[in-house]
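Student: I know my way around a bench, but I'm less at home reading a model on screen. Could you walk me through one, feature by feature?

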Amino acid sequence: MNIKEGLLDDPRVINLLTVHVTRARAETAPGSSHALDLSGLKMPEVWFFTAWEDDILLGCSAVKSFLPGHGEIKSMHTAEAHRGRGVGDALVRHVIDAARAMGLTRLSLETGSWPYFAPAHRLYERHGFRDCPPFGDYVKDPNSRFMSREI
């Protein structure tokens with residue numbers, strides 16, 4: 001598996017992000033989905049990563065810096081055909097390492113609270129993320145689960 005930075009103009013990446021945003025919004029109550037679309041991922045405070053096996057796109061993830069030393073994991077998604085192969089684990093490890101290299105000392109995330117997101121909860125818990133209060137511009141929402149960890 002090879003993890004690369006960027007590639008937001010690659011049609012395969014655009015397609016995967018479209019699936020991610022569409023599914024996240026379908027699996028969350030209206031107004032509670034916070035998935036970044038393509039334009040949001042192109043903001044200068046966002047670092048975007050993709051995981052590949054040869055020329056096959058396996059998944060993606062991003063880090064958004066929003067406070068000095070504090071970043072947020074965004075757009076974490078593994079293509080359905082490649083789930084259960086460790087893609088998510090590799091991306092989380094890569095994001096943590098990249099965030100440290102950027103000078104961040106804390107990573108947080110928001111994910112849905114619905115059953116569809118249970119595999120994501122387990123993934124983040126395996127990597128030391130624990131429940132936390134809303135952070136940044138988020139507000140308490142029963143449809144969201146907030147997690148954080150020192151890095």
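Tutor: Happily! Let's begin with the polar contact: a pair of N or O atoms within 3.5 Å, where, within protein, one must be able to donate a hydrogen and the other to accept it, and residues adjacent in sequence count only if both atoms are side-chain atoms. Here, the side chains of Arg 145 and Glu 125 are joined by a polar contact of 2.7 Å. Arg 145 also has a side-chain polar contact of 3.2 Å with His 121.

Student: Before we go on, what kind of model is this, and how are residues numbered?

Tutor: This is a predicted model, in which local features need pLDDT of at least 70, side-chain atom pairs count only at pLDDT 80 or more, and totals for chains, interfaces and linings use all residues. Residues are numbered from 1 along each chain as its sequence is written, and side-chain values use heavy atoms, leaving out hydrogens and water.

Student: Where is Arg 145 placed, and is it buried or exposed?

Tutor: Buried means under 20% relative accessible area, exposed over 50%, and partly exposed in between, with a 1.4 Å probe and protein chains only. Arg 145 counts as buried because its relative accessibility is 18%. Arg 145 belongs to strand β7; strands (E, at least two residues) and helices (H or I, at least four) are DSSP runs numbered from the N terminus.

Student: Which residues is Arg 145 in contact with?

Tutor: Contact means heavy atoms within 4.5 Å. Leaving aside neighbours within four places in sequence, Arg 145 is in contact with Leu 109, Glu 110, Thr 111, Gly 112, Ser 113, His 121, Glu 125 and Asp 131. Phe 117 is 28 residues from Arg 145 along the chain, and their C-alpha atoms are separated by 9.4 Å.

Student: And what about Ser 144 in β7: which side chain does a polar contact join to it?

Tutor: That partner is Glu 110, at 2.7 Å. Ser 144 is buried because its relative accessible area is 10%. Beyond four places in sequence, the residues in contact with Ser 144 are Ser 32, His 34, Glu 110, Thr 111 and Ser 113.

Student: How should I read a helix such as α3?

Tutor: Check its span. The expected value is 1.5 Å times one less than the number of residues. Helix α3 covers residues 87–101, 15 in number, and its first and last C-alpha atoms are 21 Å apart, close to the 21 Å expected. Its buried residues include Val 92, Val 95 and Ile 96. Val 87, also in α3, is buried because its relative accessible area is 1%. Val 87 touches Met 1, Ala 51, Leu 58, Gly 59, Thr 78 and His 82, not counting residues up to four places away in sequence. Just after α3, Gly 103 takes a positive phi of about 95 degrees.

Student: Which residues other than glycine have a positive phi?

Tutor: Leu 7 is one example, with phi near 70 degrees, and Leu 7 lies in the loop between β1 and α1. Another is Asp 54, at about 60 degrees, in the loop between β2 and β3. Asp 54 counts as exposed because its relative accessibility is 73%, whereas Leu 7 is partly exposed at 36%.

Student: What is a nonpolar core?

Tutor: In soluble globular proteins, nonpolar side chains tend to be buried together. A core is a set of buried Ala, Val, Leu, Ile, Met, Phe, Trp, Tyr and Cys residues joined through side-chain atoms within 4.5 Å. The largest one here has 22 residues, of which Ile 73, Met 76, Val 92, Leu 107, Tyr 124 and Phe 129 touch the most other members. Its largest share, seven residues, comes from α3. Apart from it lies another core of 13 residues, among them Leu 8, Leu 17, Val 46 and Leu 57.

Student: Finally, which aromatic rings form a cluster?

Tutor: Rings of Phe, Tyr and Trp (its six-membered ring) pair if their centres lie within 6.5 Å; planes under 30 degrees apart count as stacked, over 60 as edge-to-face and the rest as tilted. This rule gives six aromatic pairs, and ring pairs link Phe 66, Phe 135, Tyr 138 and Phe 146 into a cluster.
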